[in-house]
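This briefing goes through the fold of one protein, from the overall layout to a single strand. Please keep the sequence and the 3D view open while reading.

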Amino acid sequence: MRFIFALAALAATAAAAPWANWGVSHGLNYPRTTSNCMSDSDATKVANNFKTLIAAYSDSFSNKTMAVDFVDYSDSVMELINGGCEGPEVLGTAVFSSRAEFQAGQGAQPPIPFEIIKTWNACSAVTIRWQSAQTPQLVTGIIVIEVVKNADKKASQKWLIKTVYSEFNSGAWLVNLDVFNPPVCPAPPPPTSTPSRRMLFV
Ligand SMILES: *[C@@H]1O[C@H](CO)[C@@H](O)[C@H](O)[C@H]1NC(C)=O
């Protein structure tokens, strides 16, 4: 009982706090009001900046939109680099530990098709669900992008991309790269059939 009262007291405190206008009780897309939070349009801009970095990369745009101490975590990317082998990349560690490293890696890539399907805006992060229209297999992924406020008040970008957590269907991507080439595949189901229960690991 005392536990419930303690929770109720906590909830009352939260309701009175200035940041009560955003957060769990109102859903993540509720407008944020404090000056230390991204607005919805700020978050949309950051999401679109990330898309540009993937789909139409340039060093100058990267310099404008990313923090110098940018870090990128993605075991999906590590798996692509490793081609399904145990190395050279170590799973669970950062792919890129600075903006300069990202520029060296991303700048060497051909442009990648990248469409944003949905975004979820939070105070200091925006989450993106995205798809890359590759063939033969569509690649879908989710990215959480954390931002920091740009110290340069006169810059075109108020928020800089600081840390990225990105995972996606690297299995499909490895098939598209012809790195993973399954020796035998069952015939694809006819488009009108009802999906049967998927059996894993058999
Ligand atoms: C990007 O910034 C780096 C310094 O971080 C600088 O050396 C480089 O020339 C800049 N590139 C462009 C195209 O602005």
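The points below cover the overall make-up, the sheet, its strand pairs, one strand in detail, and the helices that lie across the sheet.

The structure is a predicted model. The protein contains six helices and six strands. The strands form an open sheet with mixed pairing.

**Overall make-up**

- Along the sequence, helices and strands follow the pattern α-α-α-β-α-β-α-β-β-β-β-α.
- The protein has 202 residues, and 18% of them are buried.
- Among contacts with a separation of 6 or more, 55% are between residues 24 or more positions apart.

**The sheet**

- The order of the six strands across the sheet is E2-E1-E6-E5-E4-E3.
- Strand E2 (94–96) and E3 are at the edges with a single partner strand each, so one side of each has no neighbour in the sheet.
- On average, neighbouring strands of this sheet are turned by 25° against each other, direction ignored.

**Strand pairs**

- In general, strands of a sheet pair through backbone hydrogen bonds, in a parallel or an antiparallel way.
- Strand E3 (residues 115–121) and E4 run antiparallel and are joined by six bridges. A hairpin of three residues links E3 to E4. Glu 115 has Gln 131 in E4 as its bridge partner.
- E4 and strand E5 (residues 139–149) also run antiparallel, with eight bridges between them. The hairpin from E4 to E5 passes through six residues. Here Thr 127 has Val 144 in E5 as its bridge partner.
- E5 pairs with strand E6 (residues 159–168) over nine bridges, in the antiparallel sense. In this pair, Ile 143 stands opposite Ser 166 in E6.

**The two faces of E4**

- Side chains in a regular strand alternate between the two faces of the sheet.
- Which residues of strand E4 (residues 125–132) are on the covered face? They are Val 126, Ile 128, Trp 130 and Ser 132.
- The uncovered face of E4 carries Ala 125, Thr 127, Arg 129 and Gln 131.
- Two residues of the uncovered face came up above: Thr 127, the partner of Val 144, and Gln 131, the partner of Glu 115.

**Helices across the sheet**

- Helix H2 (residues 40–55) lies across E3, E4, E5 and E6. Helix H2 runs at about 145° to E3.
- Helix H4 (residues 75–82) lies across E2, E5 and E6. Helix H4 runs at about 60° to E6.
- E5 and E6 are thus among the strands crossed by H2 and also among those crossed by H4.

Conventions: Residues are numbered from 1 along each chain as its sequence is written. This is a predicted model: local features need pLDDT of at least 70, side-chain atom pairs count only at pLDDT 80 or more; totals for chains, interfaces and linings use all residues. A residue is buried if 20 or more other C-beta atoms lie within 10 Å of its own, exposed if 12 or fewer, and partly exposed in between; C-beta atoms are placed from the backbone. Helices (H or I, at least four residues) and strands (E, at least two) are DSSP runs, numbered from the N terminus. Two strands pair if DSSP finds at least two bridges between them. Two residues are in contact if their C-beta atoms, placed from the backbone, lie within 7 Å. Axes are lines fitted to C-alpha atoms, for helices over the stretch in contact, and angles run from 0 to 180 degrees between N-to-C directions.
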